[in-house]
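Open the model in your viewer and keep the sequence panel beside it. This tour goes stop by stop, with something to select at each one.

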Amino acid sequence: MAERKVLIKYYPPNFDPDRLIKNKRPKDKQDNVRMMLPMSLRCSTCGNYLYIGTKFNMRKETCLDEDYLGIRIYRFYLKCTQCYAEVTFKTDPKNSDYIVEHGGVRNYEPWRDVQAAEEALKELKENEEEGNAMKFLENKTYDSKREMDILDALDEIKHLNQKKAQVGHEEHLNEFRKRKLEEIDREQQEEGFRRKEKGFGANGNGNGMNEEMKKEKKLMGFLIKKRVHAEENKEKKEEKKKQLCNYSDDEK
Ligand SMILES: [Zn+2]
């Protein structure tokens with residue numbers, strides 16, 4: 001066992017590393033890889049659709065004649081699942097994407113068109129502005145004006161929505177209290193009528209009920225008073241604020 005472990009590496013005095021035979025890998029060698037299809041495409045030979053995410057045994061090679069800013073471009077070969085025709089695609093580092101080269105057509109993806117159009121517009125603008133300060137200023141002014149217009153429109157929409165949605169939870173509560181009071185009044189009247197018809201005395205069966213209603217009415221009245229008081233206070237505070245503002249303005 002001990003001879004397996006090389007503890008002392010002996011180099012003879014006439015050792016010349018330049019004379020070693022290098023185990024060189026050919027540059028155009030292809031590798032077998034198993035990978036998923038990065039985009040959906042259609043076979044041009046039989047019209048079969050190959051979907052994104054399908055696993056294939058592909059052959060991978062480096063494109064020797066092209067690169068993008070020093071980044072290597074790889075080409076992949078796969079076979080159609082129906083007709084076994086060869087389809088090739090390669091990487092596209094410029095757009096972080098893939099290009100179908102041969103034997104297939106990529107499915108149409110609308111968002112890619114949108115992206116391309118946006119990029120083309122941006123490039124056009126940059127080319128226009130290059131070395132032209134006036135054009136740059138013009139574009140900047142136009143952009144800021146557009147932004148302001150958008151903000152104005154947004155404000156207007158917000159204002160309109162506010163106008164439409166005037167009813168808040170306070171209004172709902174007030175409405176509820178009003179209705180409850182009205183209901184209590186009506187019930188009391190009805191009770192009175194019934195008592196008259198049946199000839200009940202003042203301390204009849206309905207007396208407890210009546211007291212309860214009175215209590216409820218009192219509570220409602222108290223709540224409304226509280227609400228009104230709070231609103232008055234708010235108004236007073238606002239007035240004070242305004243006065244203070246005016247005072248500070250005068251000082252200036
Ligand atoms: Zn096919």
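Select strand 5 and strand 6 of this predicted model. The two strands form a hairpin, with 6 residues between them. Find Tyr-84 in the turn: its phi is positive, about 60 degrees. Now widen the selection to the full strands, residues 71-79 for strand 5 and residues 86-92 for strand 6. They pair in the antiparallel sense, over 5 bridges. Show Lys-79 and look across to strand 6: Glu-86 stands opposite.

**Next hairpin along**

Add strand 7, residues 97-102. It runs antiparallel to strand 6, and 5 bridges join the two. Which residue of strand 7 is the bridge partner of Phe-89? Click across and you reach Val-100. Then go to Asp-92, which has Asp-97 of strand 7 opposite.

Strand 6 and strand 7 form a hairpin too, with 4 residues between the strands. Stop at Ser-96, in the loop between strand 6 and strand 7. Its phi is positive, about 50 degrees, although Ser-96 is not a glycine. Is Ser-96 buried or exposed? It is exposed, because 7 other C-beta atoms lie within 10 Å, and the exposed class covers counts of 12 or fewer.

**The five-strand sheet**

Zoom out to take in the sheet around these strands. It is an open sheet of 5 strands in the order 1-4-5-6-7. The pairing is antiparallel. Which strands are at the edges? Strand 1 (31-36) and strand 7 are, and each pairs on one side only. Look at how the neighbours cross: they are turned by 40 degrees against each other on average, direction ignored.

Now pick Leu-69. It lies in the loop between strand 4 (55-68) and strand 5. Leu-69 is not a glycine, yet it has a positive phi of about 50 degrees. Leu-69 is exposed, because 6 other C-beta atoms lie within 10 Å and 12 or fewer counts as exposed.

**The three-strand sheet**

Hide that sheet and select strands 3, 2 and 8. They form an open sheet of 3 strands, in the order 3-2-8, with antiparallel pairing. The edge strands are strand 3 (49-50) and strand 8 (104-106), each pairing on one side only. Select strand 2, residues 41-43. It pairs with strand 8 in the antiparallel sense over 3 bridges. Pick Cys-43: Gly-104 stands opposite in strand 8.

**On to the helices**

Colour by domain. The assignment gives domain 1 (26-107), domain 2 (113-164) and domain 3 (169-232). Taken over C-alpha atoms, the centres of domain 1 and domain 2 are 39 Å apart.

Select helix 2, residues 133-164. Put a distance between its end C-alpha atoms: the value is 47 Å. Why does that agree with the expected span? At 1.5 Å a residue, the 32 residues of helix 2 should span 46 Å, so the two values agree. How many of its residues are buried? The count is 0 among 32, and helix 2 is hardly covered.

Move to helix 3, residues 169-198, and find Gly-192 within it. Gly-192 is partly exposed, because 13 other C-beta atoms lie within 10 Å, and partly exposed falls between the limits of 12 for exposed and 20 for buried. Now draw a line from the C-alpha atom of Gly-192 to that of Lys-241. The two residues are 49 residues apart along the chain, and their C-alpha atoms are separated by 52 Å.

**Last stop: the whole chain**

Show everything. The protein chain has 4 helices and 8 strands. Along the sequence the pattern is β-β-β-β-β-β-β-β-α-α-α-α. The radius of gyration is 43 Å, well over the 18 Å that the globule rule gives for 252 residues, so the chain is more spread out than a compact globule. Turn the C-alpha trace along its principal axes: it spans about 130 × 65 × 60 Å.

Colour by burial next. Buried residues make up 4% of the 252 residues. Finish with contacts at a separation of 6 or more: residues 24 or more positions apart account for 42% of them.

How values were computed
Residues are numbered from 1 along each chain as its sequence is written. This is a predicted model: local features need pLDDT of at least 70, side-chain atom pairs count only at pLDDT 80 or more; totals for chains, interfaces and linings use all residues. Domain bounds come from an automatic or database domain assignment. The expected span of a helix is 1.5 Å times one less than its number of residues. The radius of gyration is taken over C-alpha atoms; the globule rule is 2.2 Å times the number of residues to the power 0.38. Two residues are in contact if their C-beta atoms, placed from the backbone, lie within 7 Å. Two strands pair if DSSP finds at least two bridges between them. Axes are lines fitted to C-alpha atoms, for helices over the stretch in contact, and angles run from 0 to 180 degrees between N-to-C directions.
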